[in-house]
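User: Can you walk me through this model, starting with the overall fold and then going into the core and the empty spaces?
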Amino acid sequence: MEKCWSFGGWLPLPRRPAAPGPGPAAAAPTPRDYAEADDDALAAWAGGGDRRAFDALVLRHGAFALRVATRLTRDATVAEDLAQEAFVRAWKAIGRFDPQRARLTTWLYRIVANLCRDHQRRARPEALPDGFDPADPAAGAEESLAAGQQAQAMAAALAALPDRQRAALTLVYEEGLSGAEAAKALGVSAKAVERLLARGRQFLRTRLADAAGQGGPP
């Protein structure tokens, strides 16, 4: 077990075979600047067995993976486990990553999303999502109550969203990916992402309207 995970754990990564070294007449290798290298360079180095390059990717994108997993599972503890597992899988597969086909973040998101989807198939969580926007402390009691009810209604609607619609909404509206990037991450066409987004928005509108019609928030 080697220390890598920046979110309080130990990330067990299997050892990869080292890339063949240069011959005796080869020039001394240029030192690698892990902090300044872009994702594609780090991925290429990691694909050759450079653990420091992969650690740099974990540090750079660990928060992203954890945030996405948390949004999709609505469980911080489960999300951390899945995000760590995602990096273990990424480490095993980084040698096959092709920057000509997708951005590293898109590729990584797909690993995270697949793990979250598998987890939800095994045991669908029932808890409402964490991290709701808190009510403005400066608002009056009535406004605070209304804000809390609205947040509760939105949380309930989000919790009831079908998994693929939630994934599409999270990726596009929260992570800022384009429709094409979201399509690659989800393994569907751009048109399918558009349909998922449309259905997701309609689902939320209907749920919120129903809540309002029943005398609940908003």
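Analyst: Before the overall numbers, one term is needed: a contact means heavy atoms within 4.5 Å. With that in hand, residues 24 or more positions apart account for 67% of the contacts in the protein with a separation of 6 or more. Please keep in mind that this is a predicted model.

User: OK, and how many helices and strands does the protein have?
Analyst: There are eight helices and zero strands, and the pattern read along the sequence is accordingly written α-α-α-α-α-α-α-α.

User: What share of the residues counts as buried?
Analyst: Of the 218 residues in the protein, 41% count as buried.

User: Which residues touch the most other members in the largest nonpolar core?
Analyst: That core has 54 residues, and those touching the most other members are Phe54, Ile94, Trp107, Tyr109 and Leu186. At least two core residues come from each of helix H1 (39-47), helix H2 (51-73), helix H3 (76-93), helix H4 (104-122), helix H6 (163-174), helix H7 (179-186) and helix H8 (190-213). The most is given by H2, which contributes eleven residues to this core. As for the domains, domain 1 (35-124) and domain 2 (144-213) each provide at least three residues of the core.

User: Switching to cavities, how many are there of 30 Å³ or more?
Analyst: The count comes to two cavities of 30 Å³ or more. The largest cavity holds about 70 Å³ of space, and the second largest cavity holds about 50 Å³.

User: Where does the largest cavity lie with respect to the domains?
Analyst: The largest cavity lies between domain 1 (35-124) and domain 2 (144-213), because both give residues to its lining. That lining consists of Leu72, Ala113, Cys116, Arg117, Gln120, Asp163, Arg164, Arg166 and Ala167, with H4 and H6 each supplying at least two of the residues. By character, the lining residues of the largest cavity divide into four nonpolar, one polar and four charged.

User: And what lines the second largest cavity?
Analyst: The second largest cavity is lined by Phe54, Leu57, Phe87, Ala90, Ile94, Leu104, Trp107 and Leu108. H2, H3 and H4 are the elements that give two or more residues to this lining, and H4 gives the most, with three residues. In the lining of the second largest cavity, eight residues are nonpolar, with no polar and no charged ones. Phe54, Ile94 and Trp107, which line this cavity, are also among the residues that touch the most other members of the largest nonpolar core.

User: What about open pockets, say the second largest one: how much space lies in it?
Analyst: About 390 Å³ of space lies in the second largest pocket. Its lining has 14 residues, and Ala102, Trp107, Arg110, Ile111 and Lys184 are those that lie nearest the centre of the pocket. H3, H4 and H7 each supply at least two residues of that lining, while H4 gives the most, with five residues. The lining of the second largest pocket divides into six nonpolar, two polar and six charged residues.

User: One last residue: is His119 buried or exposed?
Analyst: His119 counts as buried because its relative accessibility is 15%, and the cut-off for buried is under 20%. His119 is placed in helix H4. Leaving out residues up to four places away in sequence, His119 touches Thr73, Val78 and Leu82.

Note on methods. Residues are numbered from 1 along each chain as its sequence is written. This is a predicted model: local features need pLDDT of at least 70, side-chain atom pairs count only at pLDDT 80 or more; totals for chains, interfaces and linings use all residues. Side-chain values use heavy atoms; hydrogens and water are left out. A nonpolar core is a set of buried Ala, Val, Leu, Ile, Met, Phe, Trp, Tyr and Cys residues joined through side-chain atoms within 4.5 Å. Buried means under 20% relative accessible area, exposed over 50%, partly exposed in between (1.4 Å probe, protein chains only). Helices (H or I, at least four residues) and strands (E, at least two) are DSSP runs, numbered from the N terminus. Domain bounds come from an automatic or database domain assignment. On a 1 Å grid over the protein atoms alone, a cavity is a set of points where a 1.4 Å probe fits but cannot get out, and a pocket is an open set with protein on both sides within 12 Å along at least five of seven lines; lining residues have an atom within 4 Å of a point. Grid points are joined across faces, edges and corners, and a volume is the space filled by probe spheres set on the points. Ala, Val, Leu, Ile, Met, Phe, Trp, Tyr, Cys and Pro count as nonpolar, Asp, Glu, Lys and Arg as charged, and the others, Gly among them, as polar.
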